[in-house]
Amino acid sequence: MSLTIVVDSMTGQGKRFAEKMGFPVVMIQDVTDTIQGPIFLITRSYNFGQIPDLTKAFLEKHHEKVIGVAVGGNRTWGQNFGAAGDKIHAQYQIPLVQKFEGIGFPNEVKTVQQWLKDFVEKNL
């Protein structure tokens, strides 16, 4: 069993962030029911901190497999920066591992890489 990263990215920045993690990456629109093992979700906020519709639909079907989430956004949104991650955490009790900007600053990438490494060592 291996970990898969599922990405909801409108501009491609979330996908570029995901590709730095070292695990298989699947775009959210390409997810099938055959996806196996734990999933780490990388998504985004839109419309002042809302969860994208594709992410909502994915979570309704697969939330029990999602072990953590990282949310991309822009810090100029102030308190709404990455707010979709806060909402996902509250609604589904999925750990919010990181909010990141753009394709991720080095410290943001490292935080998620370490979190994933720790998860794999403890669980897989």
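1. A good place to start is the right-handed β-α-β unit made by β4, α3 and β5. Right-handed here means that, with the strands pointing away from the viewer, the path from the first strand over the helix to the second runs clockwise. Helices (H or I, at least four residues) and strands (E, at least two) are DSSP runs, numbered from the N terminus.

2. A word on the source: this is a predicted model, in which local features need pLDDT of at least 70 and side-chain atom pairs count only at pLDDT 80 or more, while totals for chains, interfaces and linings use all residues. Residues are numbered from 1 along each chain as its sequence is written, and side-chain values use heavy atoms, with hydrogens and water left out.

3. Now the sheet. Five strands form an open sheet with parallel pairing, in the order β2-β1-β3-β4-β5; two strands pair if DSSP finds at least two bridges between them. Its edge strands, each pairing on one side only, are β2 (25-27) and β5 (96-101). From one strand to the next the twist averages 20 degrees.

4. Two of the pairings in detail: β1 (residues 4-7) and β3 (residues 39-44) are parallel and share four bridges, with V7 partnered by I42 in β3. Parallel strands β4 and β5 are joined by five bridges, and V69 has L96 as its bridge partner in β5.

5. Two helices are worth viewing against β5. Helix α3 (residues 83-92) packs on the sheet, touching β3, β4 (66-73) and β5, and its direction makes about 165 degrees with that of β5. Helix α4 (residues 106-123) lies across β1, β3, β4 and β5, at about 155 degrees to β5. Axes are lines fitted to C-alpha atoms, for helices over the stretch in contact (heavy atoms within 4.5 Å), and angles run from 0 to 180 degrees between N-to-C directions.

6. Helix α2 has two sides to look at. T55, F58, L59 and H62 are buried (under 20% relative accessible area, 1.4 Å probe, protein chains only). They lie on the same side of α2 because they cover an arc of only 100 degrees around the axis, taken from the directions from the helix axis to the C-beta atoms. D53, A57 and E60, on the other side, are exposed (over 50%). The cover over the buried residues includes β1, β3, β4 and α3.

7. Finally, do look at S45, in the loop between β3 and α2 (53-62). S45 counts as buried because its relative accessibility is 5%. A polar atom of the S45 side chain lies 3.2 Å from the backbone nitrogen of A83. Leaving aside residues up to four places away in sequence, S45 touches residues including V71, W77, N80 and A83.

Note on methods. Polar contact = N/O pair within 3.5 Å; in protein donor to acceptor, adjacent residues only side chain to side chain.
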